[in-house]
Amino acid sequence: MIDSFNRNIDYMRISVTDRCNLRCRYCMPDGIELCSHDYILSFDEILMVCKEAIGLGIVNFKITGGEPLVRKDCHKLIKKIYELGGVNEVTITTNGILLVDQLDDIIDAGVKSINISLDTLDREKYEQITGFDQIDKVLEAIEKSVEKGIRVKINSVLHDKDYKEDFLNLIKLAQKYPIDVRFIEMMPIGLGANSMLVSNEDLKKILETSFENVSSDKTKHGNGPAEYCRIDGFLGAIGFISAMHGKFCDSCNRIRMTSTGEIKSCLCFDKQISLKDALKARDSKAISEILKNSILEKPEMHCFEDKKRITELKRMTQIGG
Ligand code: SAM
Ligand code: SF4
């Protein structure tokens, strides 16, 4: 569906849980106040929403959280979304900890592309960032996913003074594997507001001074706003998602649904419309109307550069990052 600013909204991020098995220091270092399971949408409810979203032209879905793979039988939901028909792609964003165990089920469900979050390759630092000494599981998940033919994208949010070292180490993953390694600028959402913002412009300069043959890659890599480049001899690409320094709102294609059934059309603002009553009544027309209104009311752009105007106070894991 086309929104009020002539953008085609064809992508929906669905948070299936607010829970997580890691405690990333810029996301939920002390956990969050969990909402009761009664408030979390059932698979049946999520599917009702997906069906109406498809009717409005949404063809790509991202399953996220919290950590989506802590939700039991996540792969069954994915399979059922595909079975609704009219879907182009269902993908997942995960921290990778539970991925190896669930990989075959996820592939059987139809997933071909997985985003894995990893902010450093240093074991100790990984533990400092996430609270757990689990980096081996993530590295194994990357390797196994590539082996099984999954399109893997690494998402890294660099956020401290040693970022240059982390950056140069992380891009080596794209040297070794045919995967995209992408750097997402920290957004002032939740604790991100108090974290160091590493500019992608700085990272691009580091790339150009560290490698001789860096070229821009204009091919389409997915549904998002990343810009890509390639380095001679690397199997994969390096991507930059410049949420702060490269406003890409004019090409924004998405809405989000929280795990409790709130539809959000922009990460920056607290405006959200609840689907709960419509879902309880199993009123498909009302669900569709809410989705439609949310798309029509989607703001023109975020205002992350002006913290005073940001109204979203929830954490990323409560919104569905
Ligand atoms: N648990 C899953 C994971 O880590 O991939 C999915 C949810 S997590 C909220 C999704 C992504 O959002 C992660 O890559 C995380 O690093 C990123 N993220 C969290 N807070 C952020 C912030 N303030 N700015 C930018 N990215 C953020
Ligand atoms: Fe969990 Fe993802 Fe947040 Fe880390 S970024 S605490 S893995 S939800």
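This report walks through a predicted model, from its annotated span and nonpolar cores to two helices, a ligand shell and a few single residues.

## The annotated span

Let's start with the record. An unreviewed UniProt entry lists residues 4-217 as "domain: Radical SAM core". In the model, that span is 36% helix and 17% strand, and the C-alpha atoms at its two ends lie 30 Å apart.

## Nonpolar cores

The largest nonpolar core holds 89 residues. Within this core, Met12, Phe61, Ile142 and Phe183 touch the most other members. Helix H1, residues 43-55, gives the most to this core, with eight residues. There is also a second, separate core of five residues, including Met187, Ile189, Ala243 and Leu267. As general background, nonpolar side chains tend to be buried together in soluble globular proteins.

Phenylalanine 183 is a handy place to look at the surroundings of one core member. Neighbours within four places in sequence set aside, its contacts include Phe167, Leu170 and Ile171, as well as Ser156 and Leu158. Asn200 and Leu203 also touch phenylalanine 183, and so does the run Ile238, Gly239, Phe240 and Ile241.

## Helix H6 and its cover

Two of those contacts, Phe167 and Leu170, lead straight to helix H6, which spans residues 163-170. The buried residues of H6 are Tyr163, Asp166, Phe167 and Leu170. They line one face of the helix, because they fall within an arc of 100 degrees when seen down the axis of H6. The general background is that an α-helix has 3.6 residues a turn, so residues three or four places apart point the same way.

What covers this buried set? Among the covering elements are three helices, H4 (123-130), H7 (172-176) and H8 (200-210). Strands S5 (151-156), S6 (180-184) and S9 (237-241) are also part of the cover.

## Helix H2 and its surroundings

Helix H2 covers residues 74-83. Its buried residues are Cys74, His75, Leu77, Ile78 and Ile81. These residues sit on the same side of H2, because they cover an arc of only 155 degrees around the axis. They pack against H1, S2, strand S3 (89-94) and helix H3 (99-108). Beyond the helix comes glycine 85, with a positive phi near 85 degrees.

Is histidine 75, in helix H2, buried or exposed? Its relative accessibility is 16%, so histidine 75 counts as buried. Apart from neighbours within four places in sequence, histidine 75 is in contact with Asp105, Ile106 and Ala109. On the H1 side, phenylalanine 43 is buried at 18% relative accessibility. Its contacts, again leaving aside neighbours within four places, are Arg71, Lys72, Asp73, Cys74 and Leu77.

## Positive phi outside glycine

Most residues other than glycine have a negative phi. Aspartate 73, one of the contacts of phenylalanine 43, has a positive phi near 60 degrees. Aspartate 73 belongs to the loop between strand S2 (60-64) and helix H2, and is partly exposed at 27% relative accessibility. Arginine 282 also has a positive phi, near 50 degrees. Arginine 282 is in the loop between helix H9 (276-280) and helix H10 (284-296).

## The shell of ligand 2

Which residues are closest to ligand 2? Of the eight residues that surround ligand 2, the closest are Cys20, Cys24, Cys27, Met28 and Asn95. By class, this shell contains five nonpolar residues, three polar residues and no charged residues.

## Two loop residues with distant partners

Leucine 197 lies in the loop between S6 and H8 and is partly exposed, with a relative accessible area of 34%. Histidine 159 is 38 residues away along the chain, yet the two C-alpha atoms are separated by 5.9 Å. Sequence neighbours within four places aside, leucine 197 is in contact with Glu185, Met186, Met244 and His245.

Asparagine 253, in the loop between S9 and strand S10 (254-257), is buried at 11% relative accessibility. Arginine 7 is 246 residues apart from asparagine 253 in sequence, but their C-alpha atoms are 6.5 Å apart. With neighbours within four places left out, asparagine 253 is in contact with Asn8, Ile9, Asp10, Tyr11 and Asn223.

Note on methods
Residues are numbered from 1 along each chain as its sequence is written. Chains are lettered from A and ligands numbered from 1 in the order in which they are written. This is a predicted model: local features need pLDDT of at least 70, side-chain atom pairs count only at pLDDT 80 or more; totals for chains, interfaces and linings use all residues. Side-chain values use heavy atoms; hydrogens and water are left out. Buried means under 20% relative accessible area, exposed over 50%, partly exposed in between (1.4 Å probe, protein chains only). Helices (H or I, at least four residues) and strands (E, at least two) are DSSP runs, numbered from the N terminus. The arc is that of the directions from the helix axis to the C-beta atoms. Contact means heavy atoms within 4.5 Å. UniProt positions are given in the numbering used here, feature names are shortened, and annotations may be inferred rather than shown by experiment. A nonpolar core is a set of buried Ala, Val, Leu, Ile, Met, Phe, Trp, Tyr and Cys residues joined through side-chain atoms within 4.5 Å. A residue is near a molecule or strand if one of its heavy atoms lies within 4 Å of it. Ala, Val, Leu, Ile, Met, Phe, Trp, Tyr, Cys and Pro count as nonpolar, Asp, Glu, Lys and Arg as charged, and the others, Gly among them, as polar.
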